[in-house]
Amino acid sequence: MAAAQAPAPWRALFGAHLRSLGSSPVFTLANLHPATQADGAPSPALPCLPRARTCVFRGMWADPLPDRSGGHANPAPRNPTGVYASDLLVFTTDARSEKAGDMFDSAPAGDVEASGGATGGGGPVEAVFWIDRDPWTGTAIRTQWRVRGHAWVLGPGPAVDRAGAEGEEEEEKRDDGARRVREALLRRMRRLGEPGGEGERAWSFEREVTAHFGNLSPLMRGSFRGPPPGTPLAYHTAGGEGVGQVVEDVNDPAARANFRVVVIVPEEVDQVDLSDERKPRRWLYVYRGEKEGSKLPGGEMAGGWEKVEVWP
């Protein structure tokens, strides 16, 4: 885990631009959907198809949560503040959705088992944001952000908190996905306080997932009690399933069984600024880590990231 490392050099401007999108900033998520040639895949050497959909950005992992509850107070317990921060993007999804399975099934070979687990994944994704203008001043922003990395899925329960803990070797073997998620996220989370302090001991992945569920409106929480996404209406629904439900309890067992937090660990960020049509500009940020140096002509290192201006 990084200690007292500076935020990514793109983060401040990215965050400022997202505020221009209002209370529900949306983006396009692109990922790979494993498929055979019979399903339309180009060839056996490229056994996948592209998928894209609109998602709502839910904040940065381990940061204080933005208000996304539609005016309803978040009733979930929170992690202590000032312990961790990160540059990891968060969205939420239904475990039964196609994209959730894709995060598992498109992961590098040997990383995790195929879809079906509650926690794991690691498949490649790209999140694309377009910010047109500042809604308050009317100033043109006209900037596209493309965030490329790997998506990790977190389900309910304490599996990620247990994974890798002392004396939990057997639990770790039984939930390899949870261990990999824990390792992937902790590597890129910044510790803000003293190592091993009271806040760090009290901080938990499980509580963070529950806080994201609580940050949804009761009607949005109820959507996770609906029938499986994408199934025909002609199919009979299971007991308790239905659209338009309102869920107040942040530990509702049926809704929480289907709720997932997805964390994107970015490896590259591509920023294109078209605010000046006569002089468009573009920057590429590549994560190198603290021990790596610049590898691109004209590149500069900051906070473990290499930044280089490229032709738009």
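Charged pairs and a buried aspartate

Modeller: In this predicted model, the side chains of D270 and R282 meet in a salt bridge, with 2.5 Å from N to O. The two residues belong to distant parts of the chain, D270 being in strand 9 (residues 259-273) and R282 in strand 10 (residues 281-287), 12 residues apart.

Biologist: What makes the meeting of D270 and R282 a salt bridge?

Modeller: The cut-off is 4 Å between a side-chain nitrogen of Lys or Arg and a carboxyl oxygen of Asp or Glu; the N to O value for D270 and R282 is 2.5 Å, and therefore the pair qualifies.

Biologist: Is D270 called buried or exposed, and why?

Modeller: D270 has a relative accessible area of 2%, and because buried means under 20%, D270 is called buried.

Biologist: And why does R282 count as partly exposed?

Modeller: Its relative accessibility is 23%, and partly exposed is the class between under 20% and over 50%, so R282 counts as partly exposed.

Biologist: Which parts of the chain does the pair of R281 and E309 tie together?

Modeller: R281 forms a salt bridge with E309, the closest N and O atoms being 2.8 Å apart. R281 lies in strand 10 and E309 in strand 12 (residues 305-310), so the pair ties together parts that are 28 residues apart in sequence. R281, at 32% relative accessible area, is partly exposed, and E309, at 41%, is partly exposed as well.

Biologist: Which residues do salt bridges that share partners join into one network?

Modeller: That network consists of E126, R146, R148, E268, D270 and R282; a search of the whole structure finds 21 salt bridges.

Biologist: How do you know that R179 and E183 lie about one turn of the helix apart?

Modeller: Both lie in helix 5 (residues 176-186), and they are 4 residues apart, about one turn of the helix. Their side chains meet in a salt bridge of 3.0 Å, N to O. R179 is buried because its relative accessible area of 17% falls under 20%, whereas E183, at 35%, counts as partly exposed.

Biologist: Why is D252 called buried?

Modeller: D252, placed in the loop between helix 8 (218-222) and helix 9 (253-258), has a relative accessibility of 12%, and since the limit is under 20%, D252 counts as buried.

Biologist: What does the side chain of D252 reach?

Modeller: The side chain of D252 reaches the backbone nitrogen of A255 at 2.9 Å, which is within the 3.5 Å allowed for a polar contact. Leaving aside residues up to four places away in sequence, D252 touches R225 and V247.

Conventions. Residues are numbered from 1 along each chain as its sequence is written. This is a predicted model: local features need pLDDT of at least 70, side-chain atom pairs count only at pLDDT 80 or more; totals for chains, interfaces and linings use all residues. Side-chain values use heavy atoms; hydrogens and water are left out. Buried means under 20% relative accessible area, exposed over 50%, partly exposed in between (1.4 Å probe, protein chains only). A polar contact is a pair of N or O atoms within 3.5 Å; within protein, one must be able to donate a hydrogen and the other to accept it, and residues adjacent in sequence count only if both atoms are side-chain atoms. Contact means heavy atoms within 4.5 Å.
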